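Let's take a walk through this model, starting with the open spaces and ending with the odd spots in the backbone. Keep the viewer open as you read.

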Amino acid sequence: MKKVLSVILCAIIIAALFGCAKKEEPATTTQTTTQTTQTTTAAPVYTNPLTGKEGYNKSAVGVRPVAIVVENLRPARPQWGIGSSDIIVEGEVEGGISRMLWIYADMTSVPKKIGPIRSARPSYVKFSEFFDSIYIHWGGSHSKGGYTGGYGVIKKDKVDHIDGMNGGKLFSRDTTRRVSSEHRGILNGKKIPEVIKDKKFRTALDENKFSNLEFNESKVAAGSEKAEKISARFSKRTDTRKFTYKDGKYHCSDWETDVKFQNVIILSDETKYITTPYKGSSTTYVNYLYKGHDGYYASKGTQTKIKWEVKDNKLYLKDLNGNPLKINQGKSYIGLASSNNGGKITFTNTEG
């Protein structure tokens, strides 16, 4: 019996020792390395659609411009805020006088004081429509006989407009100049967004109603012909607008202050002169018909002949081959010359 117990005991001891000697195999660990690729997204670049310049106000992207009528008679000069707009449009209105339309892509960029603000004329209402603008004016011409006035075009085309004749927080009179009241009407540009909101105008830009301007990536000559001095006469009844190229810009001092433009664009167009009764007498209004014609584009001290047309109520600038005209980045002056009434454009160099 003792012998049997000894054998069993030995077997238990051997089994225990054998079990202790057996090593557990380490667990297999599978390491998965995940490679993360970091993609750097460039910050969006916002450009002004009327100047092509970068650094544009992000909140103004896709928002309608404003177009403001400004007087050009000598008692109104220098105009408050002149040179602040992206584009100045100028042409004859009546009686041999001219008027301006200042267009701002970003309505929040209009200065606190601009003017003198003046009344609506058909040609300027129509031009504002080329850029889907909200039109701002103080009064307007009325339709009589064969003449459709500024108010008539506003009504017919259902143009969103703000009229100083209705009063409101935008308009007031300057008291610093000793001139008659019509030369002292000013506008507080900083209140424009508030007034537009109150009027519940559409503010989203309609691309189908906006004339797209095309810009060069860097400044290049407009053409091979020198244009260091430019004289533009709108018709045989008006004075002459003069520009001098220096320091990379076209300078104009006709408004009794120095105003600079990167581009000068003159568009020749057929005009219609209409004489109507006015305050016991008569006046002859002029309408630009926007039929399209030839024109000139000047930049960097040079000029080239161009073509232009209005199609689907949008303005198209073209080179002589019919391709879209690319202009240099910066502010532009657009003059409207009467092709059938002595509109004349002269270019010279500094020695001329």
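A quick word on classes before we start: Ala, Val, Leu, Ile, Met, Phe, Trp, Tyr, Cys and Pro count as nonpolar, Asp, Glu, Lys and Arg as charged, and the others, Gly among them, as polar. With that split, the lining of the largest pocket comes out as seven nonpolar, seven polar and eight charged residues. Bear in mind throughout that this is a predicted model.

So what does that pocket look like? Its volume is about 590 Å³, and 22 residues line the space. If you want to centre your view, go to R118, S119, R121, Y278 and K279, which lie nearest the middle of the largest pocket. Two strands, β15 (271-278) and β16 (281-288), each put at least two residues into this lining. Of the elements that contribute, β15 gives the most, with three residues.

Now move on to the second largest pocket, with a volume of about 310 Å³. Its lining has 18 residues, and the ones closest to the centre are P122, K126, V153, N287 and Y288. Here helices join in: α2 (122-129) and α3 (150-157), along with β15 and β16, each supply at least two lining residues. The class split for the second largest pocket is nine nonpolar, five polar and four charged.

There is an enclosed space to look at, too. How many cavities of 30 Å³ or more does the structure hold? The count is one, and the largest cavity has about 30 Å³ of space in it. Its walls are made by E92, V93, R121, P122, S123, Y124, Y147, Y285, V286 and N287. In terms of elements, β2 (87-94), α2 and β16 each bring at least two residues to that lining. By class, the cavity lining divides into six nonpolar, two polar and two charged residues. You have met some of these names already: R121 is among the residues nearest the centre of the largest pocket, while P122 and N287 are among those closest to the centre of the second largest pocket.

E92 from the cavity wall also gives us a way over to another part of the chain. The side chains of E92 and S235 are joined by a polar contact of 2.9 Å. S235 sits in the loop between β10 (229-233) and β11. Is S235 buried or exposed? Its relative accessibility is 0%, so S235 counts as buried.

The two strands on either side of that loop belong to a sheet. Five strands make up this open sheet, in the order β13-β12-β11-β10-β22, with antiparallel pairing. At the edges stand β13 (259-261) and β22 (344-348); each has a single partner strand, so one side of each is left without a neighbour in the sheet. On average, and ignoring direction, neighbouring strands here are turned by 25° against each other. As a reminder of what holds such an arrangement together, strands of a sheet pair through backbone hydrogen bonds, either parallel or antiparallel. For a concrete pair, take β11 (residues 240-246) and β12 (residues 249-252), which run antiparallel and are joined by three bridges. T244 is a good place to zoom in, since its bridge partner in β12 is H251.

Last stop: the backbone geometry. Most residues other than glycine have a negative phi, and most peptide bonds are trans. What kind of peptide bond joins R77 and P78? That bond is cis, with omega at about -10°, and P78 lies in the loop between β1 (66-70) and β2. The bond from G115 to P116 is cis as well, with omega near 0°; P116 is in the loop between β3 (97-104) and α2.

For phi, look at D132 and K158. D132 has a positive phi near 55° without being glycine, and its place is in the loop between α2 and β4 (134-137). K158 also has a positive phi, near 55°, in the loop between α3 and β5 (161-163). Their surroundings are another matter. D132 has 4% relative accessibility, so it counts as buried, whereas K158, at 73%, counts as exposed.

Technical notes: Residues are numbered from 1 along each chain as its sequence is written. This is a predicted model: local features need pLDDT of at least 70, side-chain atom pairs count only at pLDDT 80 or more; totals for chains, interfaces and linings use all residues. Side-chain values use heavy atoms; hydrogens and water are left out. On a 1 Å grid over the protein atoms alone, a cavity is a set of points where a 1.4 Å probe fits but cannot get out, and a pocket is an open set with protein on both sides within 12 Å along at least five of seven lines; lining residues have an atom within 4 Å of a point. Grid points are joined across faces, edges and corners, and a volume is the space filled by probe spheres set on the points. Helices (H or I, at least four residues) and strands (E, at least two) are DSSP runs, numbered from the N terminus. Two strands pair if DSSP finds at least two bridges between them. Axes are lines fitted to C-alpha atoms, for helices over the stretch in contact, and angles run from 0 to 180 degrees between N-to-C directions. Buried means under 20% relative accessible area, exposed over 50%, partly exposed in between (1.4 Å probe, protein chains only). A polar contact is a pair of N or O atoms within 3.5 Å; within protein, one must be able to donate a hydrogen and the other to accept it, and residues adjacent in sequence count only if both atoms are side-chain atoms.
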